[in-house]
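Please take a moment with the sequence and the model before reading on. The paragraphs below move from the chain as a whole to one of its helices.

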Amino acid sequence: MINAASKLLAVLLAVLLLYVYPAAETADRQDDIARMTATQNVTRFVDSVRTKGYISPRMFAEFEEQLAQTGNVYEVSMEHLHKKYVPHYTDPIVTNSFAGTYEVVQDGYYSAQIRERLFPSSGAASVDDLVRRYKLTTGDFFTVTLKNSNRTPSMLIREWLSGTAQASAVFIAYGGMVLNEDY
């Protein structure tokens, strides 16, 4: 009986070492490559937006195509913070009574508003039409956050082995200040 149990344990260990471990490592490398590719694409897209000062439908479509090549499905969220200076007045009724101070206000525009500008529901304008460009101004902040929404093979194997689910294989947040207005 002990001999049969030890043989069964040896077979299970051999299967684990010969098949499961290499598959898990290969899936981990695949996630690493997807993470590096996604990081490179997000960085290239955000830096391009920060340098040009706008997002065109063609730029965004190309960005999504490059992300799709990794084989994962991503949730892309964009955030545009526009800085405004609001003057303070001593008398709210009389607008000529400036108090000498300003308040800095950040207006936030997010993915839904940006996509609506890039891809309007009417669809009347062509892809290269300047009306469909989402414009930013120098000094604004633009950030892209990327998270995969599918379960990768690595996540499935790790979940099967450990019993706990991994949060996400790819999570990237990148952004910065808009440097130029090239429109």
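What percentage of the 183 residues of the chain count as buried? In this predicted model, 29% of them do, where buried stands for a relative accessible area under 20%. The chain exposes about 11,600 Å², and carbon and sulfur atoms supply 60% of that area.

The secondary structure consists of 4 helices and 6 strands, and, read along the sequence, these elements follow the pattern α-β-α-β-β-α-β-β-α-β. The radius of gyration of the chain is 25 Å, well over the 16 Å that the globule rule gives for 183 residues, so the chain is more spread out than a compact globule. Along its principal axes, the C-alpha trace spans about 95 × 40 × 30 Å. As for how the chain contacts itself, among the contacts between residues at least 6 apart in sequence, 72% join residues at least 24 apart. The chain carries 17 positive and 20 negative charges, and the mean positions of these two sets are 5 Å apart.

Helix α2 can serve as a closer example. This helix runs over residues 57–68, which makes 12 residues, and reaches 16 Å from its first C-alpha to its last, close to the 16 Å expected at 1.5 Å a residue. Within α2, the buried residues are P57, M59, F60, F63, Q66 and L67. When reading such a list, it helps to recall that an α-helix has 3.6 residues a turn, so residues three or four places apart point the same way. With that in mind, the reader can locate F60, F63 and L67, which are among the buried residues of α2, in the structure shown.

Technical notes
Residues are numbered from 1 along each chain as its sequence is written. This is a predicted model: local features need pLDDT of at least 70, side-chain atom pairs count only at pLDDT 80 or more; totals for chains, interfaces and linings use all residues. Side-chain values use heavy atoms; hydrogens and water are left out. Helices (H or I, at least four residues) and strands (E, at least two) are DSSP runs, numbered from the N terminus. The radius of gyration is taken over C-alpha atoms; the globule rule is 2.2 Å times the number of residues to the power 0.38. Buried means under 20% relative accessible area, exposed over 50%, partly exposed in between (1.4 Å probe, protein chains only). Contact means heavy atoms within 4.5 Å. Accessible areas come from the Shrake-Rupley method with a 1.4 Å probe; for residues, only the protein chains shown count as cover. Lys and Arg count as positive and Asp and Glu as negative; His and the chain ends are not counted. The place of a charge is taken as NZ of Lys, CZ of Arg, CG of Asp or CD of Glu. The expected span of a helix is 1.5 Å times one less than its number of residues.
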